[in-house]
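Here is a walk through one protein model. Follow it with the structure open beside the text.

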Amino acid sequence: MTIRSNSILTVACLSLGALCLPALADGVPPPVSRSAKQSVAAHRAAPMTVAARKPNDSGVTLRYQVEGTPQVGKATSVVLQFDGVSNPDGATVRLAADAGLTLSGASTLTLPAGKRTSATVSVVSQGNGLAYLNVFIQQGDATSAISIPIQTGGVTPALKSSGDLKSTPDGDNIISMPAK
């Protein structure tokens, strides 16, 4: 099978579109001039990620935000926000880190009933790659298990090419692949 395209034009159009998306992602154009004070306020106002919930979970809602870009050997803050504790006895939280990730600070928390509770924990990545901060929330007899991804470095899996790159007389590039 031979696939031909104007790859340069396609890449240029896609790149232009990709550059415009972050600027309009929240629907508000960026300000013309940003001072350090505005960028700090914008960072603090960044929305938190709402963790997915299952129908039979603990009933506690978790929102989280990984602050900054995780780097090997450096502490990264993870802000946790818990809401929806309805049991009069409250709820408990246990934190655990995957291999390659070290948790600093308390690994258990107690959540009072009827109040929003926030906590900040620090994690340190031991190497590049993806590791998870696991959050176990127990309220009454029900438990939720939530994994927060901590991506350190830009490591992405590379696919092996099974074909040969060739050029046509018209200047288009094609990949010739064997049939299986």
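**From elements to surface**

From the N terminus on, the elements of the protein run α-α-β-β-β-β-β-β-β-β-β-β-β. That makes two helices and eleven strands. The model is a predicted one. Keep that in mind for every value below.

Begin with the overall numbers. The protein has 180 residues, and 24% of them are buried. Its accessible surface comes to about 12400 Å². Carbon and sulfur atoms hold 57% of that surface. Now take the contacts with a separation of 6 or more. Of these, 55% are between residues 24 or more positions apart.

Next, the sheet. In what order do the strands of the open sheet lie? The order is 1-2-3-7-5, with five strands and antiparallel pairing. Strand 1 (49-50) and strand 5 (101-104) are the edges, and each pairs on one side only.

Walk across the sheet by its pairings. Strand 2 covers residues 61-66 and pairs with strand 3 over six bridges, in the antiparallel sense. One position to find is arginine 63, whose bridge partner in strand 3 is glutamine 81. Strand 3 then pairs with strand 7, again in the antiparallel sense, over eight bridges. Here valine 79 stands opposite threonine 120 in strand 7. Strand 7 spans residues 117-125 and runs antiparallel to strand 5, with four bridges joining the two. At this seam, leucine 101 stands opposite serine 125 of strand 7.

Now turn to charged side chains. Side chains of opposite charge can pair when their charged atoms come close. How many salt bridges does the count give? It comes to two. The cut-off is a side-chain nitrogen of Lys or Arg within 4 Å of a carboxyl oxygen of Asp or Glu.

Arginine 116 and aspartate 83 form one of them, with the closest N and O atoms 3.2 Å apart. This pair links distant parts of the chain, its two residues being 33 residues apart. Arginine 116 sits in the loop between strand 6 (108-111) and strand 7, while aspartate 83 belongs to strand 3, residues 75-83. Is each partner buried, partly exposed or exposed? Arginine 116 counts as exposed because its relative accessibility is 52%, and the class requires over 50%. Aspartate 83 counts as partly exposed, at 25% relative accessibility.

Arginine 53 and aspartate 57 form a salt bridge too. Their closest N and O atoms are 2.9 Å apart. Which partner is buried, and which is partly exposed? Aspartate 57 has a relative accessible area of 14%, so it is buried. The limit for that class is under 20%. Arginine 53 has a relative accessible area of 42%, so it is partly exposed.

Finish at the surface. Leu165, Ile175 and Met177 make a nonpolar surface patch of about 340 Å². Leucine 165 lies in strand 10, residues 164-167. Why does leucine 165 count as exposed? Its relative accessibility is 64%, and exposed means over 50%.

To retrace the route, go back to the sheet order 1-2-3-7-5. Find strand 3, which pairs with strand 2 over six bridges and with strand 7 over eight. Then locate aspartate 83 in strand 3, and follow its salt bridge to arginine 116.

Notes
Residues are numbered from 1 along each chain as its sequence is written. This is a predicted model: local features need pLDDT of at least 70, side-chain atom pairs count only at pLDDT 80 or more; totals for chains, interfaces and linings use all residues. Side-chain values use heavy atoms; hydrogens and water are left out. Two strands pair if DSSP finds at least two bridges between them. Buried means under 20% relative accessible area, exposed over 50%, partly exposed in between (1.4 Å probe, protein chains only). Contact means heavy atoms within 4.5 Å. Accessible areas come from the Shrake-Rupley method with a 1.4 Å probe; for residues, only the protein chains shown count as cover. Patches are made of residues with over 30% relative accessible area and no salt bridge: like charges are joined within 9 Å, nonpolar side chains (Val, Leu, Ile, Met, Phe, Trp, Tyr) within 5 Å.
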